[in-house]
Amino acid sequence: MVDAITTNTAVTRTDQARTSLASNFETFLSLLTAQLRNQDPLSPLDSNEFTAQLTQMTGVEQQLLTNDLLTSLLAAQQGAGLNGATNYIGKDATAAWSVTKLEDGKANWSYELGASASEATLQVLDSTGKVVWTGAAPSRTTGTHDFVWDGKTTAGGQLPDGGVYSLKVVAKNGTATVDSQVLTRGRVTGVEMYDGVPYLTIGNSIVPVSSVIGLDEAVAAQTATDDTDDESLAAQIASALNPLKLLS
């Protein structure tokens, strides 16, 4: 399995290679000096071999310079990823993500069914993969549905806040399995970087940007304001004082 290379990892590897190169280069110069000093006058050092050795050392140095350039490009790319992720803040996002934290005695998820199911069961798993709660899904129809877990186990015990849990959906229509997926939905309130990867804060979940499958402009709730009431009252007074009404 190939691990992703982060800026810190790249810098560390480059520094180690540079230190090794400096040591090897000093050793190379010492050996070369000793070789020139003690060479046989009747059989001097081949100039072609000497040039080839210098070329190899120069090639290694150029490779390190290339690594420095790649490190800079990687850092710039990761910075751009963070800047791009900030555009998500304040928007309503939908992510294919099943992990969240239990806070204030509840955890929120959504789940989507590809077709109506005759049987649909939800399972809540803790961070070790152990099923702590099992129950019937609140809806078995096609589409997306919300689910709020109260933090209680199947046996009725209350679990403490702060634990990380995930949701699993098992849906069937007769003997056929119904396609399903767990979603995290809500307002994006922040962005964080972990190992060079941008993550979004949605409710109590930390979601990688790559898992986002939908994004909408946040719609502010419309409520009656004092200005609206004042305008309504002014309209009523104006209507009552209408000259046409006074003369009628």
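Asp-92 is partly exposed in this predicted model, with a relative accessibility of 25%. Its side chain meets that of Arg-187 in a salt bridge, with 2.7 Å from N to O. Because Asp-92 belongs to strand 1 and Arg-187 to strand 9, this pair ties together parts of the chain that are 95 residues apart in sequence. Arg-187 likewise counts as partly exposed, here at 39% relative accessibility. In general, side chains of opposite charge can pair when their charged atoms come close.

The Asp-92 pair has company, as a search of the whole structure finds three salt bridges. Another of them joins Lys-91 to Glu-217, and here the closest N and O atoms are 3.9 Å apart. Both partners sit in loops: Lys-91 in the one between helix 2 (47–85) and strand 1 (92–95), and Glu-217 in the one between strand 12 (212–216) and helix 3 (226–240). The contact therefore ties together parts that are 126 residues apart in sequence. Lys-91 is partly exposed, at 24% relative accessibility. Glu-217 counts as exposed, because its relative accessibility of 58% is over the 50% cut-off.

The remaining salt bridge brings together the side chains of Arg-185 and Asp-146, with an N to O distance of 2.6 Å. This pair, too, links distant parts of the chain, with Arg-185 in strand 9 and Asp-146 in strand 6, 39 residues apart. Arg-185 has a relative accessible area of 41% and is thus partly exposed.

Arg-185 also leads on to the largest pocket, since it is among the lining residues that lie nearest the centre of that pocket. The others nearest the centre are Asn-108, Trp-109, Thr-184 and Gly-186, out of a lining of 18 residues. The pocket has a volume of about 210 Å³. Several strands contribute to its wall: strand 2 (99–101), strand 3 (107–113), strand 6 (143–149) and strand 9 (180–194) each supply at least two lining residues. Strand 9 provides the largest share, five residues. By residue class, the lining divides into six nonpolar, eight polar and four charged residues.

Taken together, strand 9 is a handy place to begin when looking over the model: it holds Arg-187, the partner of Asp-92, and Arg-185, the partner of Asp-146, and it gives the largest share of the pocket lining.

Definitions and conventions:
Residues numbered from 1 in each chain as written. Predicted model: local features only at pLDDT ≥ 70, side-chain atom pairs only at ≥ 80, totals over all residues. Heavy atoms only, no water. 1 Å grid on protein atoms, 1.4 Å probe; cavity = no way out; pocket = protein on both sides within 12 Å on 5 of 7 lines; lining within 4 Å. Points joined across faces, edges and corners; volume = space filled by probe spheres on them. Helix = DSSP H or I, 4+ residues; strand = E, 2+ residues; numbered from the N terminus. Nonpolar A, V, L, I, M, F, W, Y, C, P; charged D, E, K, R; others polar. Salt bridge = Lys/Arg side-chain N within 4 Å of Asp/Glu carboxyl O. Buried < 20%, exposed > 50% of the residue type's maximum accessible area, 1.4 Å probe, protein only.
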